[in-house]
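Student: I'd like to zoom in on one part of this protein and really get how it sits in the fold. Could you walk me through a single helix, slowly?

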Amino acid sequence: MDILRFLTAGSVDDGKSTLIGRLLYDSKNILIDQMEALERSSKNREDGSVDLALLTDGLRAEREQGITIDVAYKYFSTPKRKFIIADAPGHIQYTRNMVTGASNADLIIILIDARNGVIEQTKRHSIIASLLNIPHVLVAINKMDLVDFSQQRFEEIKTEYQKVAKALELKNVEFIPISALKGDNIVDKSTQMDWYKGDSLLERLETVELQSSVNLKNARFPVQLVLRPQTEQYHDYRGYAGKVESGTFQKGDKVKIYPSQIEATVSFVEVGNQEVEETYAPQSAVIHLEEDVDISRGSLIAKEDDLIKFSNEIEATICWMDERPMNVGGRYLLQHNTRVVNAIVKEIKERIDVNTLERFADVTSVALNEVVTVKLKTSAPLAYDSYKELRETGSAILIDQTSLVTVAAVLFK
């Protein structure tokens, strides 16, 4: 089965954690001991119901405040698909947490309170989804039970959000009216909203097309390990192990190795210790070349005729994640897949307001959770793609040279 990675995002009290809890509960993905623990934790609730939000709000501080602070990951499956859920916080001061959760998401569920409609935080989460180029957007209009399951209210919010989606050029936007608390349109179709003819939330998650999220055109293979057993059985064995981030590789392909830019030919490929005709994203594989070339961890193998950017001066959008500010001239480690190089911030071009998309020039310092465009200079040329074209090789992280803490998410222009 394939895996759908999705993120939930919404304002405080929009019901993100309750939605995930309802998904797990109604799809029977809660173990007996988890259910017993939930019942004990919920015993003081006035209505006697089980608080499904506790399934994701695991930190004590979160339970006390009734909010989500950290990104909580949950895993579940149905007979049709496996799922990894990232429950991201809605507060603006946790923008970095949301960016982390969204970094490899195939889909984002944006929750909107049916009573409040599209608000500032809805727009901010949509802007982040746009910046991160998330392939699918599912707008779940929650708490429909509090507006008497009104079709008119659903259509009003749908029309309002479509204007936001058009302005941000969001792709594959769909709408579902739900009540996470009551379970309407979460796993089973709601009897209260017979005017809605679409799928339930889980049905849509099970059937959303993921193939469009995998690029099979541009071949990219970051080398993780050079395999040289040097045993009698495998005396001349030399293979390059890694994950095919995009595209396909097969025997006879003409490839170029970066950063050396040496050209070579694929002699054969292996998947699962078996020689195969072709390997494709997102498989882990071993590639063998006809030529003996200088390749090590951090090298990138790409098809010879594939366009790829190769430079030591890189323009990028970054989300700053450190308490200490970033300044022009700051020096960091840039990790791009398996390659690590030294980098310096040459210029901060502009700051992007994640609430309005307004841009501000003359920026000299970047604070926690701010999103800016910068020009980086690396100690050695880097082979990379634009994030909008290819997420897998269009993103990186900045690491503090002293503490080795990740300080920024990097999206290449």
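Tutor: Let's take helix 6, going from its ends to its two sides and then to what lies around it. Keep in mind that this is a predicted model.

Start with the length. Helix 6 runs over residues 151-168, which is 18 residues. At 1.5 Å a residue it should span 26 Å, and its end C-alpha atoms are indeed 26 Å apart, so the two agree.

Now the ends. At the start of helix 6, Ser150 has a side-chain oxygen that comes within 3.3 Å of the backbone nitrogen of Gln152. After the helix comes Glu169, and its phi is positive, near 60°.

Next, the sides. Arg153, Phe154, Ile157, Tyr161, Val164, Ala165 and Leu168 are the buried ones in helix 6. These residues cover an arc of only 100° around the axis, so they sit on the same side of the helix. Here's the handy rule behind that kind of pattern: an α-helix has 3.6 residues a turn, so residues three or four places apart point the same way. Flip to the other side of helix 6 and you find Gln152, Lys163, Lys166 and Ala167 exposed.

So what does the buried side face? Its residues pack against strand 4 (107-113), helix 5 (120-131), strand 5 (136-142) and strand 6 (173-177).

One last link: Tyr161 is among the residues that touch the most other members of the largest nonpolar core, which has 66 residues. Both domain 1 (3-207) and domain 3 (309-412) give residues to that core, so it lies between them.

Conventions:
Residues are numbered from 1 along each chain as its sequence is written. This is a predicted model: local features need pLDDT of at least 70, side-chain atom pairs count only at pLDDT 80 or more; totals for chains, interfaces and linings use all residues. Side-chain values use heavy atoms; hydrogens and water are left out. A nonpolar core is a set of buried Ala, Val, Leu, Ile, Met, Phe, Trp, Tyr and Cys residues joined through side-chain atoms within 4.5 Å. Buried means under 20% relative accessible area, exposed over 50%, partly exposed in between (1.4 Å probe, protein chains only). Domain bounds come from an automatic or database domain assignment. Helices (H or I, at least four residues) and strands (E, at least two) are DSSP runs, numbered from the N terminus. The expected span of a helix is 1.5 Å times one less than its number of residues. The arc is that of the directions from the helix axis to the C-beta atoms. Contact means heavy atoms within 4.5 Å. A polar contact is a pair of N or O atoms within 3.5 Å; within protein, one must be able to donate a hydrogen and the other to accept it, and residues adjacent in sequence count only if both atoms are side-chain atoms.
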